[in-house]
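Hi,

Here is the structure I said I would pass on to you. Have a look at it first, and then read my notes underneath.

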Amino acid sequence: MNVYITSSGHFLPGPAINNEEIEPLLGLVHGKPSRLRRRILQSNGIQTRHYAIDANHNTTISNAGMAAKAAEHCLSSSFLGKRQIKMLSAATSQGDIVLPGFGSMLQAELGLSDIELHSSHGICSSSLMALKAAFTNLKTGEQPNALVVASELTSRLFKASRYEAAGAELDFNAEFLRWMLSDGAGALLLETQPRGKCFRIDWIRSFSHADAYPVCMSVGYPSNSPHTSWQDYASYAEAEADGALLIRQDVRLLENIVKLGVDGYLRLISEGRVQPDKIDHVLCHYSSHYFKGKIFDMMQRAGVGIAEHKWYSNLYSRGNTGCASIFIMLDEFRTSQAHQVGDTILCMVPESGRFNNAYMQLTVVEP
Amino acid sequence: MTEHVLNPHSQQCLQALMRVWFDFERQLGRVPLLQRLERGQFSKADYCQLLLNWRQQVIEGSRWISRCASSFDRDYSDVRSTIIGHAREEHRDYEMLERDYVAAGGNLADIQTAPRNIGTEALHGFLMYRASQPNPVDLVGAMWIIEGLGQKMADNWAAQIDRATGGDGSYTRFMRYHGANDDNHMQKLYQLLNRLCQSPAQLSAIVRTARVTAKLYCLQLEETEHDYSE
């Protein structure tokens, strides 16, 4: 049984925020402008992004609310109504509440009845994990369709008050993601029958390397003790004061995503799944323009590079929205970029959380 | 970007060697001593133990390289020149390593009398055996691993060791030195690969030797913490 992406949608909250507007919105930490901001923004190349919080740090829309908007956008251009949806597969790195699962909250927000539910938890690759769960479910004939939604609301972690609550000076690793991540949601509709010009999912594969590498991106540890969980403190206030609730990136380890991203690509080539000369479009969720060049060069070095003009990304205008990025990219690609029946699309999501690399190949079809 | 064009076999070989290297890095990531270094829970004593175990391999390293050079016949005299040059550059590196050991608080007599650990024994035995074969083309695979490791030491380990042990670089000179000439070394390695990998049989021999070298190198690092006196 074949599985097709027959519709897509996205939601980006509020107006596009340019580089000069970020700090006034997120706030000055201890009243002082950041010394790292310019350098990090220069390297990631992002020009505009969106936030679901305003300058008073009110949340303008919840994570589940954004996910629902993206899903509704996706359904509005599909052949299906909500009553016909049989499965919901949802991904986020952090829901609005700790429990229950994000999928349950999204289902209620969307008003979907009697569906099969899946929640996928992780960082950037969790959307492709959610997609794979839906894909295999359809592939085996268990369900005829599935709505797959990925959404992120990380800006709540970037409010100046969060850093101030964690005490004195900000370290680079704790500040880094403040200038990298932003909010948004993306949705895809999967069906076992094609509808007009759509994408057939050829395969989805991931390779995780958590056993060989330390944690690279995290929320829940204090900076000096990777063995203490935020839940080990006597009170959550103490966890926050100790910096255990800050989102951190171990920048020193980050370069590994380049090698591991290329490694997975080479594996898929040797398995015969990827034929580099047959790829017409590459949609790679690199977190930063800096890494795009590195991945591109290493693929060239291996002799299996893909021409620059085949690479598409909307990172620069939509921001890095974690697991939602690849869906938002796919949606914008589908609706704005030229693609022909028979074209092959390679999607890549090298995640730095603890190094899970996910890949997907699509073929443009028209029945 | 590729600065020079590789022949099709060596290009494929390079691709396979990259995968062997990525896998090697993951194997290194599972070695307990290196996991502690990664977490910063690494003492000067750990570092001395590492150097103590490393010295034998560095000494033997120059020997297999020299043997390898002498096993190439006159059809490969250009290769011989390159490898002899490389061997001459590195054959006294162990003296720098010994100075680091002493600077880090170790006793010179201890490092000079330490036996090879069983990983070093296996690695050295394998490399000397391969180096003794006529025209040991496959050893470019071993060089790939060992050069790559030099780069990793210089780029990552030296700084991590200094950070974890409060050092100022004065006892990580050996590791840092390996990074200094790196681009040059890698460039020579690509040229060597292009020269030596000209057939599918050579390709698979090179990749196999790279795999074995990587596995035995890991064994050597794992054995660093093995105390046989127990």
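A good place to start is Gly141(A), which comes after helix H5 of chain A and has a positive phi, near 85°. Keep in mind that this is a predicted model.

Now for H5(A) itself, which runs over residues 126–139. Its 14 residues should span 20 Å at 1.5 Å a residue, and the end C-alpha atoms are indeed 20 Å apart, so the two agree. Is the helix enclosed or open? Of its 14 residues, 12 are buried, so H5(A) is largely enclosed by the rest of the structure. Among the buried ones are Leu128(A), Met129(A), Leu131(A), Phe135(A) and Leu138(A). Lys132(A) and Asn137(A) are on the buried list too, as are Ser126(A) and Ser127(A).

Zooming out, the domain assignment splits chain A into three pieces: domain 1 (4–191), domain 2 (199–213 + 251–365) and domain 3 (221–247). For domains 2 and 3 of chain A, the C-alpha centres lie 34 Å apart.

Then there is the place where the two chains meet. On the chain A side 16 residues are in contact with chain B, and 14 residues of chain B take part. Two helices of chain A each give two or more residues to that side, H10 (256–270) and H11 (289–301). H10(A) has the largest share, with 4 residues. Sorted by class, the chain A side comes out as 8 nonpolar, 3 polar and 5 charged residues.

Cheers

How values were computed:
Residues numbered from 1 in each chain as written. Chains lettered and ligands numbered in written order. Predicted model: local features only at pLDDT ≥ 70, side-chain atom pairs only at ≥ 80, totals over all residues. Contact = placed C-beta atoms within 7 Å. Nonpolar A, V, L, I, M, F, W, Y, C, P; charged D, E, K, R; others polar. Domains from an automatic or database assignment. Expected span 1.5 Å × (residues − 1). Buried ≥ 20, exposed ≤ 12 C-beta atoms within 10 Å, placed from the backbone.
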